[in-house]
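Me: Could you take a close look at the charged side-chain pairs in this model, and then follow them out to the parts of the chain around them? I would like one connected account rather than a list.

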Amino acid sequence: MAHGPDPVYILRGCESAVTCLKYWSNNVLYSGDQSGNIYIWDMETKRPVNKTIGHFGHSVLWIEFINDCLMVTQGRDGNVQFWNKTDDAWTKSDVIKSTSFGYCACSIVDNKIAIPTDSTSTIQLYDMGTMQCIGELKPDVSEQKYGMCMTVKSVESKILIGYENGCIASWDAKTLKMADKAQIHKESVMCLDYSSQSNFGISGSPDESLKSWSISENSTIIKRKEITAKNPGFTSISIRHDQKIFASGGWDSNVRIYSVKKLKPLAVLSYHKESVQCVTFSSDNILACGSKDHHISLWDIYR
């Protein structure tokens with residue numbers, strides 16, 4: 001695998017470790033940090049234009065936008081907070097008190113929000129209109145122990161959950177029934193992403209392996225190829241919008257770029273000094289990577 005180019009820019013100014021990233025548009029990037037701060041970055045000036053205390057003293061795990069005037073954030077304080085935008089400022093409007101204080105982030109599907117709980121293997125679904133719990137995704141543990149929910153990804157009407165035991169399950173968001181499960185990893189599923197357009201799934205765990213998989217027409221999860229990296233520990237994965245490449249962030253402080261079609265390793269992006277905790281692409285394919293070293297690196301690669 002070739003070493004990649006230098007980053008096109010480094011965003012500095014985060015108070016602590018960068019824990020999540022979300023593009024609002026190609027010109028605006030939101031980041032959350034370990035201290036509970038939410039930063040809004042102008043991608044033209046490469047400067048923060050605003051800073052909000054989102055989850056005071058607790059890591060911001062997740063930032064998502066429902067529309068131009070409604071944002072949802074999740075922190076390790078157990079709060080899932082809803083924000084309204086007025087006059088270019090965000091103000092808190094509602095909160096859902098969850099029972100989870102771990103690292104598993106929420107996900108949104110069909111006007112519902114999937115929220116991890118402190119109950120083993122269980123995700124609760126809340127209606128975002130009423131803010132009421134309408135059901136839960138809890139697998140049958142009589143024959144198999146799944147452990148804690150580690151990562152959640154919603155795609156169309158599917159909710160994909162990676163568990164502590166290395167299993168990935170696909171749930172139907174309408175019926176709240178498990179469609180299928182597959183033992184993908186030997187250890188915990190630390191991160192996953194899936195593109196329905198290319199029917200390509202990729203996931204990582206604490207070991208050296210990235211595993212690819214797909215979902216058949218009858219919702220069966222099918223194991224595909226495996227990639228072995230030089231160093232263990234994957235924290236984040238993002239498939240680019242055009243489904244040509246994907247990026248993975250790791251404990252070794254590197255970002256690895258692979259092709260989706262052939263799973264060919266393309267480049268290692270080396271800048272950060274500590275673990276890369278989040279990676280995401282803008283719609284114009286600029287890669288943003290956040291690290292424990294308080295920095296966000298921006299990369300223009302294979303466009």
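Reply: In this predicted model, the side chains of Lys153 and Asp193 meet in a salt bridge, with a nitrogen-to-oxygen distance of 3.1 Å. The pair links distant parts of the chain, since Lys153 lies in strand β15 (residues 149-155) and Asp193 in strand β19 (residues 191-195), 40 residues apart. The two partners differ in their exposure class: Lys153 is partly exposed, with a relative accessible area of 27%, whereas Asp193 is buried, with a relative accessible area of 7%. As general background, side chains of opposite charge can pair when their charged atoms come close.

This pair belongs to a wider set, for a search of the whole structure finds eight salt bridges. Another of them joins the side chains of Lys22 and Glu64, at 3.2 Å from N to O. Here too the pair links distant parts of the chain, with Lys22 in strand β3 (residues 18-25) and Glu64 in strand β7 (residues 60-67), 42 residues apart. Lys22 is partly exposed, and its relative accessible area is 25%. A further salt bridge brings together the side chains of Asp252 and Arg256, at 2.9 Å from N to O, and in this case Arg256 is buried, with a relative accessible area of 6%.

The hairpin of β23 and β24 can be described next. Strand β23 covers residues 234-239 and is mostly covered, five of its six residues being buried. Strand β24, which spans residues 245-250, pairs with β23 in the antiparallel sense over five bridges. Within this pairing, Phe234 stands opposite Gly250 of β24. The hairpin that β23 and β24 form has five residues between the strands, and in its turn Gln243 has a positive phi of about 60 degrees.

The cysteines call for a separate comment. A search of the whole structure finds zero disulfides, and the sulfur of Cys20 shows why one is absent there: the closest cysteine sulfur, in Cys278, is 6.5 Å away, too far for a bond, given that a disulfide requires the sulfur atoms to be within 2.5 Å. Cys278 is likewise in no disulfide, the sulfur of Cys20 being the nearest cysteine sulfur to its own. Both cysteines are nevertheless covered, as Cys20 counts as buried at 6% relative accessibility and Cys278 counts as buried at 8%.

Charged residues also appear in the lining of a pocket. The second largest pocket has a volume of about 150 Å³, and its lining consists of Trp24, Val28, Tyr30, Ile40, Trp41, Asp42, Val49, Asn50, Lys85, Asp88 and Trp90. The elements that give two or more residues to this lining are β4 (28-33), β5 (37-42) and β6 (47-53). Of the elements involved, β5 gives the most, with three residues. Sorted by class, the lining of the second largest pocket has seven nonpolar residues, one polar residue and three charged residues.

To return to the pair described at the start, Lys153 and Asp193 meet in a salt bridge that links β15 with β19, and it sets a partly exposed lysine against a buried aspartate.

Methods:
Residues numbered from 1 in each chain as written. Predicted model: local features only at pLDDT ≥ 70, side-chain atom pairs only at ≥ 80, totals over all residues. Heavy atoms only, no water. Buried < 20%, exposed > 50% of the residue type's maximum accessible area, 1.4 Å probe, protein only. Helix = DSSP H or I, 4+ residues; strand = E, 2+ residues; numbered from the N terminus. Pairing = 2+ DSSP bridges. 1 Å grid on protein atoms, 1.4 Å probe; cavity = no way out; pocket = protein on both sides within 12 Å on 5 of 7 lines; lining within 4 Å. Points joined across faces, edges and corners; volume = space filled by probe spheres on them. Nonpolar A, V, L, I, M, F, W, Y, C, P; charged D, E, K, R; others polar. Salt bridge = Lys/Arg side-chain N within 4 Å of Asp/Glu carboxyl O.
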